[in-house]
Amino acid sequence: MFEKTLQDIVKGIRASKRDTSLYISQCIAEIKAEINSSDMYIKANALQKLTFLHMMGYSMTWASFATIEVMSSPRFAQKRIGYLAASQGFTQGTDVILLTTNLLKKELRGAAVGSSMTGIYEAGLAINCTSNIVTEELAQDLLPELTNLMTHPQPYLRKKSILCLYKLFIKYPQGLRLTFAKLQQCLSDPNPAVVSCAVNVITELSDTNPRNYLHLAPAFFDLLTNSSNNWMLIKVVKLLGSLVTEEPRLARKLLEPLAGIVRSTPAKSLLFESAHAITRCLPYCRKSDGSMPPNVSDITALCAKTFQDFVEEKDQNLKYLGLVGFGSLVKSFPRVLSTSNYRPLILTCLSDEDVTIRSRALDLLPSMASRKNLVGLVVQLLQHINFASGTYKLELVAKVVEMCSGEKYALLQDFKWYLDILFQLGHMRGLDDHAELLRSQVCDVALRVLPVRSYAVKRSMETLLEGNNENYSSKDETENILDADNGRGKHIMPEILRALAWIVGEYSDLLPEAIEGPCHSVLQAITAPTNSTKLPTSTQSVYLQASLKIFAATCANSQVTDPELEACVHTISCNLGVYMESTDVEVRERAVTLNGVLVAL
Amino acid sequence: MIKGIIIVNNHGKPRLVKFYQSVDSEQQQQSVIRKMFTQVTTRPDSFCNYLEGVVPEWGENVKLIYRHYATLFFIFAVDAQESDLGILDLIQVFVEALDKCFENVCELDLIFHSDRVHYVLDEIVMGGMVLETNISIILQSIKDQGKMAVDSLNKTDDAKTQNRKIRDQLGDSAFATTFSDGGGYNF
């Protein structure tokens, strides 16, 4: 019988347009039969096909034993197939991994003894597979052989064994302590690729435990200054950057060499990584007496220029990296972005179509704001907000609020202007998720900033009164209950209305200054059922409470005439009826209380 | 560390799947592949080659770095330890290696010889870390191993026809011949 090869399966799948899964199930059934064959060719062939099908999502866990059989084939072509299947198909829970120990040990030892290329490459296969499937037991068993290979004459095996050891250390941490000295020696290996691998492993290790690798810093300094291999330099730079969190003195020493690289290297990758590493060093450069070393300002300027150049490039990747760099720089020097020449640059990035670039530019916004430029910046951002949509719009609004209210409104000088901005945002559509945020901001400002209170009351009044306009079109009736469109096309969020009503109620003593008309119109605006029944009950309950407070203030106001007072009472009592029937308990309770008070008068 | 490497075509069909940090099951693996594809395919070629926050299964700071060549997306999922621009260069090296091994490689080569693509990748990235970036050294190892594979099957004295069939596939095509020094890749 002719068994299908991998190519036959691929052709078959491409040909079977409609019944692909049927064809594949057929193939899998065939594979199941073939894989138990005693002929290694058929077995290996079956495994090869199965590995391919695994990529499409079909399970191959049932073939793990056969995988081991194929791995032990003496023929390199079949062995390869076995090892690949193991790397793809074995998981940490595969029980047959225990059976691989002896096979792998044999392969690894085979390379150490002889020097035939076959042995070398077979060991290479074994190491590769180990790095993908290693478990704790396997790590313990194979540690001696792998450690041995770290000093093998062939750099091919030295590279591979070093990288594989990292995977072993993850499963068997004890192993690291036993082999660390040898790993350190690899840093002085004559082959640059081997050194790169050693640096790579130490970088990964120091990510979790930087302190343990600090004593290697001199060796890395050496590599930094003497090596010309860009890939390795990138790794060394990254490693040193991550070590400065543990050793601040290192930060100061690193500045000059890194700046040197930034000034001289033509490779953009190395340039970026060095500048980025400098930004990681800068937070730690302050000396113990509190002063900064003299070269810091130059170097900061150098970094800023580098990132600026990146952002100005047409290449989107460089632009993205420039923004990432700035993001890191402002963590230690927040004011660096607030000078005016960066503003147009970053705002252009905000309107970029690419969402990756936009979100990075967004993160930079809070650092761009200063006392002087806040107003101009926010005005420009409002334009962006108008054009934006979806989650991006929400993020922009959140950033604006963050900038203005950060550190107890440190940057804000004109609160009236801020209130106007908040009202403007309150009228915008599509910001319902931030309604609570805006509401709390409005209340906060009115609460804390005394001079602005009357202005707040005035604006709130105007907005509430607008809601009184009776020009309802029929389509409003079918609108969503949360969309409190007051008929004049001016949308406002119900949570904001809650804030406004609260403000008016709480500071109702300021009302007479705020409005010119009779208080009666205010009460009408708040209590009229036509306006309010569409609003959520939380808003309604605040309205009721506010109307009581306003009424109280009106009574206390000696300028108000008696007929007006009576009119107020009449209006409220008429309108209360609806609220007393409300399903919401709070609303009903307040309505009844209010009614009680009025009746008592 | 590199968490995973996948090659998908413009319709989302995977051509190479290599996970260095595993996910729980085959279904999760397929879902991760789909996620990576849907995110990458919406981006036109003018956008930057970086995508953040797409695959939470692999951790928080995992970024997707990808390149689009004709009908294929080469996507590397990496964490913060890897250099962004360096990985872009690495993808280029990978593609160049494929080009030299398959002689003006195209998607069909990857479809019919997916195992060979794995062998090429294994010489560049191992266990999620970069093994070698020098193209000549990479190509030399691949060539040597290709020859070894062919030789290992020639040793047989089996006369069965199916054996000859397998030998034919592995024997006469690209690996055993010398590499032409053609510039560029012709996807």
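This is a dialogue about salt bridges and one buried glutamine in a predicted model.

Colleague: How are the residues, chains and values to be read here?

Modeller: Residues are numbered from 1 along each chain as its sequence is written, while chains are lettered from A and ligands numbered from 1 in the order in which they are written. The model is predicted, with local features needing pLDDT of at least 70, side-chain atom pairs counting only at pLDDT 80 or more, and totals for chains, interfaces and linings using all residues, and side-chain values use heavy atoms, with hydrogens and water left out.

Colleague: How many salt bridges does a search of the whole structure find?

Modeller: Side chains of opposite charge can pair when their charged atoms come close. With a salt bridge taken as a side-chain nitrogen of Lys or Arg within 4 Å of a carboxyl oxygen of Asp or Glu, the search finds 23 over all chains. One of them joins Glu69(A) and Lys43(A), at 2.8 Å from N to O. Glu69(A) lies in helix 4 (residues 64-71) of chain A and Lys43(A) in helix 3 (residues 40-55), so the pair ties together parts that are 26 residues apart in sequence; helices here are DSSP runs of H or I with at least four residues, strands are runs of E with at least two, and both are numbered from the N terminus.

Colleague: Are Lys18(B) and Asp122(B), which meet in a salt bridge, buried or exposed?

Modeller: Buried means under 20% relative accessible area, exposed over 50%, and partly exposed in between, with a 1.4 Å probe and protein chains only. Lys18(B) is buried at 3%, and Asp122(B) is buried at 9%. Their side chains meet at 3.2 Å, N to O.

Colleague: Where do Asp151(B) and Lys147(B) lie?

Modeller: Both belong to helix 5 (residues 135-154) of chain B, four residues apart, about one turn of the helix, and their side chains form a salt bridge of 3.3 Å, N to O. Asp151(B) is partly exposed at 36%, whereas Lys147(B) is exposed at 51%.

Colleague: Which residue's side chain makes a polar contact with that of Gln81(B)?

Modeller: A polar contact is a pair of N or O atoms within 3.5 Å; within protein, one must be able to donate a hydrogen and the other to accept it, and residues adjacent in sequence count only if both atoms are side-chain atoms. For Gln81(B) the partner is the side chain of Asp207(A), at 2.8 Å. Gln81(B) lies in the loop between strand 5 (72-78) and helix 2 (84-102) of chain B, and at 12% relative accessibility Gln81(B) counts as buried.
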